[in-house]
Amino acid sequence: MTVYNHVALIGLGLIAGSISLALRRNGQPVKITGTARSAQTRQTALDIGLVDAVFDTAAEAVKGADLVILAVPIGAMAGIAADIAPHLKTGATVTDVGSVKSAVIDAVGPHMPKNVHFIPGHPMAGTEKSGPESGFAHLFDNRWCLLTPPKDTDKNALAKLSEFWQGLGAMVEIMDAKHHDLVAVVISHAPHLIAYTMVGVADDMSRVTEQEVVNYSAAGFRDFTRIAASDPTMWRDVFLHNKDATLEVLGRFTEELFALQRAIRTGDGDFLFDYFTRTRDVRRSIIDAGQDTDAVDFGRVAAAETDKK
Ligand code: NAP
């Protein structure tokens, strides 16, 4: 069943592209309009069929839309919200896919007219790629989409948005925005920052990076470089807009790192062994929960096979 007849995508990159392809996969009649910052992205999105029509401005793209999805870097959301506000259809739902929720609520919420439903969201799915050609239809399959509705959110509007995400293959959970922001740091933001740091350290140590890093990168470092290749604009905005939760988790991380450093210095093998045993169990529980495969190569061979289908 078609949940919304007309969906407007503001931003036409990895996430918006994947939403479009997942919608099209369902074969339901849905009109998709969109916009992006550059003419080149808008044209590419049109050429590869992500949208039925593109517009130069967000204000034009949202006209008549039943669902408007803000899929731009977090720092761009306030300006777009102000631009689209007078052009939104009465009864429309406005959502977003930003990786931080409290800051988006503060940035977008004040611009939203009373006659629309604003329900922030965050699909917990992504890759290090960006741009309209990086999207794929199964990105959200079996992944969580966290919705953080304000207290007075209309129940029917929330049910419809949940149904929409389930239609794209996702599982939906309702969460408080502040709690979301802390959870997101632990599972996504801090790991990205640590990967950026590790790759930066290796780069600084030019003695190591000249050849060794490239030649021998089948080890763990390779996976750090994949994460550290993620979009700089997106991740700059994530850290600028999730400051408190990030600093809290980094404080904990630093304490743990010091404990491990101490164990290495004092030769406390039992401490290291117990620590690594506990973390291995975490990996097992992620596989048991169906959020990754047990295949070697971090499941990428399996993912590549799925991509071909
Ligand atoms: P992306 O591939 O880099 O795409 C961003 C899109 O936003 C591009 O089409 C860009 O247009 C457009 N854009 C940027 N500034 C704009 C503006 N002022 N007005 C209109 N369009 C603008 O990014 P993405 O990975 O899809 O991320 C989009 C959002 O999803 C971000 O808020 C991010 O936090 C969130 N998210 C990302 C992931 C992930 O893993 N990537 C996962 C979950 C959530 P141009 O191409 O013309 O610059």
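**Two sheets and two domains**

Me: What makes the 6 strands β3-β2-β1-β4-β5-β6 count as a sheet, and in which sense do they pair?

Reply: The 6 strands form an open sheet in that order, and the pairing is parallel. A strand here is a DSSP run of E with at least two residues, a helix is a run of H or I with at least four, and both are numbered from the N terminus. Two strands pair if DSSP finds at least two bridges between them; β1 (residues 6-10) and β2 (residues 31-35) are joined by 5 bridges in the parallel sense, with L9 opposite G34 in β2. This is a predicted model, in which local features need pLDDT of at least 70 and side-chain atom pairs count only at pLDDT 80 or more, while totals for chains, interfaces and linings use all residues. Residues are numbered from 1 along each chain as its sequence is written, and side-chain values use heavy atoms, without hydrogens and water.

Me: Which strands of this sheet are called edge strands, and which helix packs on the sheet, touching β1 and β2?

Reply: The edge strands are β3 (53-54) and β6 (117-118), each of which pairs on one side only. The helix is α1 (residues 14-25), which touches β1, β2 and β4 (67-70) and makes about 160° with the direction of β1. Such an angle, from 0 to 180 degrees, is taken between N-to-C directions of lines fitted to C-alpha atoms, for helices over the stretch in contact, and contact means heavy atoms within 4.5 Å. Helix α4 (residues 77-84) lies across β1, β4 and β5 (93-96), at about 155° to β4.

Me: Why is one side of β7 and of β9 left without a neighbour in their sheet?

Reply: In the open, mixed sheet β7-β8-β9, β7 (121-123) and β9 (171-174) stand at the edges with a single partner strand each, so one side of each has no neighbour in the sheet. Neighbouring strands are turned by 20° against each other on average, direction ignored. How do we know that β8 and β9 pair? Between β8 (residues 144-147) and β9 there are 4 parallel bridges, and C145 stands opposite V172 in β9.

Me: Where do the bounds of domain 1 and domain 2 lie, and how many residues of each are in contact?

Reply: The domain assignment gives domain 1 as 6-175 and domain 2 as 179-308, and such bounds come from an automatic or database assignment. Between them, 22 residues of domain 1 are in contact with 20 residues of domain 2. They bury about 1700 Å², 60% of it on carbon and sulfur atoms, where buried area is the accessible area (1.4 Å probe) lost by two parts on being put together, summed over both.

Me: Why is the meeting of E128 and R226 called a salt bridge?

Reply: The term requires a side-chain nitrogen of Lys or Arg within 4 Å of a carboxyl oxygen of Asp or Glu; the side chains of E128 and R226 meet at 3.3 Å, N to O, so the pair is a salt bridge. The count between domain 1 and domain 2 is 1 salt bridge. On the side of domain 1 that touches domain 2, the elements giving two or more residues are α5 (102-108) and β8.
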